[in-house]
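Reader: I'm new to this structure and would like a close look at a single part. Could you pick one strand and walk me through its surroundings?

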Amino acid sequence: MRFQDAARDGRAIVYAGIQADPLVARLAALLVGATVAERWLARAAMNGERTEADVWRRIFPTLFGDDTAAERRDRAEQLLEASLAVANRGEAARSSYRGAVVEELTAQLLAARTGSAAPDGPVRRERRVLFDGVAAEIHPYDVTLESDARPEVYDCKWGARGINADVLNQLDDARAHAAEEDLSLDVALVVFDARRSCEIRLDRSTANRAGTRLVALEDLATLAERRR
Amino acid sequence: MNDTDQIAQRAAEAYEALADLAESVDDEWQYVTDLVDAYMPGIQALADSHQDRPLTPEGAAAVDELIAEVGLITDPHKAIDWLSTFPHVVALAFGGDGALGGPADL
């Protein structure tokens, strides 16, 4: 098994521009240490109809109320400002930005675990996993942790609705092919949505997912924790 | 019916309207139905679980503002996304941690 950079087509080049927008890294960095309530704020504001900050302050009184500690309120303000900046990119660009934020957040959390965010470090983006005698998958993995001892691959989704058979099959195939080479490859789906909604989606899927880990909005901090 | 009951009732009605819009995406009818089946009882039960701890004025205003927000949605695909988000934000407004139905949903 080996990892390889994915070839970039026109769409990937455009998307790379969004991934490189400093707003993506800034919002992801704010989400790294966010509470579950703050993550809901980000999800709601990035997907809202209205982009006036006061609307969202009223919807989340526990984050912005007078009783809220100044430090916590300040953090929520930064998160809200960045989330609304994504929303203000317009309906067409929003979905790309949101996807890029989930990927960047995943990469930053994994980098926190490994202690290295270097471009040539173990946490990489847009990589394929190649196996001897097996045709390469069409879609690269969003984030990979390329450890010799215990490699990991991640597919990232903004919402539970993005979970489908193709995604689950690709992850499970990679895990199975690695096992054929006597390697343990951790495969996971990161979804910036409620665990319950993800499980509802998964329950209707017939794809093999027994070996695929789900990391939902409520569990994101676990990505930064050492695996057992 | 007290204020908290009425607000929970309005939230449930807004959720139902969101589901009606989302159902127009034929391919996702099952997912929409599953989401409503999973979350609607929790929204309806919020008032019951707050009988001894009425919703604060800020919490009530938050739910009404959220209802106004989802009432602006016209895109059924966005409505599907909000079917997952809305219950958790309502639960936060009610002073919870965003989970509906207990620790198993965390």
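Author: Here is a look at one strand of chain A, followed by the sheet around it.

First, some housekeeping. This is a predicted model, where local features need pLDDT of at least 70 and side-chain atom pairs count only at pLDDT 80 or more, while totals for chains, interfaces and linings use all residues. Residues are numbered from 1 along each chain as its sequence is written, and chains are lettered from A and ligands numbered from 1 in the order in which they are written.

Let's go to strand E3 of chain A, residues 141-145. (Helices, H or I with at least four residues, and strands, E with at least two, are DSSP runs numbered from the N terminus.) Five of the five residues of E3(A) are buried, so the strand is largely enclosed by the rest of the structure. Buried means that 20 or more other C-beta atoms, placed from the backbone, lie within 10 Å of the residue's own; 12 or fewer makes it exposed, and anything in between is partly exposed.

Now for the neighbours. Two strands pair if DSSP finds at least two bridges between them. On E2(A), residues 123-130, the pairing with E3(A) is antiparallel and has four bridges; here A:Arg127 stands opposite A:Tyr141. E3(A) also pairs with E4(A), residues 152-157, again in the antiparallel sense, over three bridges. In that pairing A:Leu145 has A:Glu152 as its bridge partner. Six residues lie between E3(A) and E4(A), and the two strands form a hairpin.

Follow A:Glu152 one step further and you reach A:Asp186, its bridge partner in E5(A). E4(A) and E5(A), residues 186-191, run parallel and are joined by six bridges.

Zooming out, E3(A) belongs to an open sheet of six strands, ordered E1-E2-E3-E4-E5-E6, with mixed pairing. At the edges stand E1(A), 2-5, and E6(A), 212-215; each has a single partner strand, so one side of each is left without a neighbour in the sheet. From one strand to the next, the twist averages 45°.

Helix H7 of chain A, residues 91-114, packs on this sheet and touches E2, E3, E4 and E5 of chain A. The direction of H7(A) makes about 5° with that of E3(A). Such angles run from 0 to 180 degrees between N-to-C directions, with axes fitted as lines to C-alpha atoms, for helices over the stretch in contact.

Conventions: Two residues are in contact if their C-beta atoms, placed from the backbone, lie within 7 Å.
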